[in-house]
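Me: I've got a model open and want to check how the labels follow from the numbers. Can we walk through it?

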Amino acid sequence: MPLVEVVGTAGAGSNGVNAREMEYRMNLAAENCYAEGITDPEAVRAAKLKAREDYKQELRNVAAEEAKGGSK
Amino acid sequence: MTISNTTEDAILDLIFSATAWANYADNAAASPQTNIHVGLHTADPADTGTMTTNESAYTNYARVNVARSTGWSAASGGSVSPAANIDFPSSGAAGTTVTHFSTGKTGGGATAILWSGSISPTIAIGASGITPRLTTATTITLD
């Protein structure tokens, strides 16, 4: 009787965050964990949350660049 | 425009763990929800959907109750997770592939969705005896 373990990712975004993009990146992080044989839920969750933080940092970097451009 | 992490956590804890948001909001005094219903879907229920939108209907499928008192982690960094694996009933026959999950009010029917999102990997209900499990690596976030 197969037990199919999956990871759910549900995000609500404001702050300029595209929730679907963030969800995609977090799922990708989980898939990468499984591909590397990492199945510990704590480790998978940590990888997902890191992907989320990386995405938000990218957004902050873009905003900072745009602010520089606007001040010229 | 930002929502602070503190505010994100307070909102998530209020909704998923019935924890009062000090000085702003208490858990419902009359008929508070004691559980969060968790459902499975065969396509994205999307922003306008309810828990019945594209809801899975594999044989034996049923939504699962997760207690608001103990069923979810304390919010941190704008994220909550189930405190334990969420196991759905084992399939009684082949059915449709499951791709999304949702959370919402108990009681059944077309109740409003709180948060919904995708699952990875998707689950092909290709036979009887398949038990879908949402692990504790599942995340519900607010940003």
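Me: Where in chain B does His41(B) sit?

Reply: This is a predicted model. In it, His41(B) belongs to strand β1 of chain B, residues 35–41.

Me: What makes His41(B) count as buried?

Reply: The cut-off for buried is under 20% relative accessible area. His41(B) has 0% relative accessibility, so it counts as buried. Residues it touches, leaving out those up to four places away in sequence, include Met51(B), Val98(B) and Phe101(B).

Me: Why does the pair formed by the side chain of His41(B) and the backbone oxygen of Thr53(B) pass as a polar contact?

Reply: A polar atom of that side chain lies 2.7 Å from the oxygen. The limit is 3.5 Å, so the pair is within it.

Me: How do you know that β1(B) and β2(B) pair?

Reply: Pairing takes at least two bridges, and these strands have four, so they pair, in the antiparallel sense. One of the bridge partnerships joins His37(B) to Asn65(B) in β2(B).

Me: Which residues make up the covered face of β2(B)?

Reply: Val64(B) and Val66(B) do, while Asn65(B) and Ala67(B) are on the uncovered one.

Me: How do you know that the span of α1(A) agrees with what a helix of 17 residues should have?

Reply: At 1.5 Å a residue, the expected span is 24 Å, and the end C-alpha atoms are 24 Å apart, so the two agree.

Me: What makes the buried residues of α1(A) a single side?

Reply: Among them are Met22(A), Met26(A) and Cys33(A). The buried residues cover an arc of only 150° around the axis, so they're on the same side of α1(A). Exposed Tyr24(A) and Ala35(A) are on the face turned away from that buried side.

Key:
Residues are numbered from 1 along each chain as its sequence is written. Chains are lettered from A and ligands numbered from 1 in the order in which they are written. This is a predicted model: local features need pLDDT of at least 70, side-chain atom pairs count only at pLDDT 80 or more; totals for chains, interfaces and linings use all residues. Side-chain values use heavy atoms; hydrogens and water are left out. Buried means under 20% relative accessible area, exposed over 50%, partly exposed in between (1.4 Å probe, protein chains only). A polar contact is a pair of N or O atoms within 3.5 Å; within protein, one must be able to donate a hydrogen and the other to accept it, and residues adjacent in sequence count only if both atoms are side-chain atoms. Contact means heavy atoms within 4.5 Å. The expected span of a helix is 1.5 Å times one less than its number of residues. The arc is that of the directions from the helix axis to the C-beta atoms.
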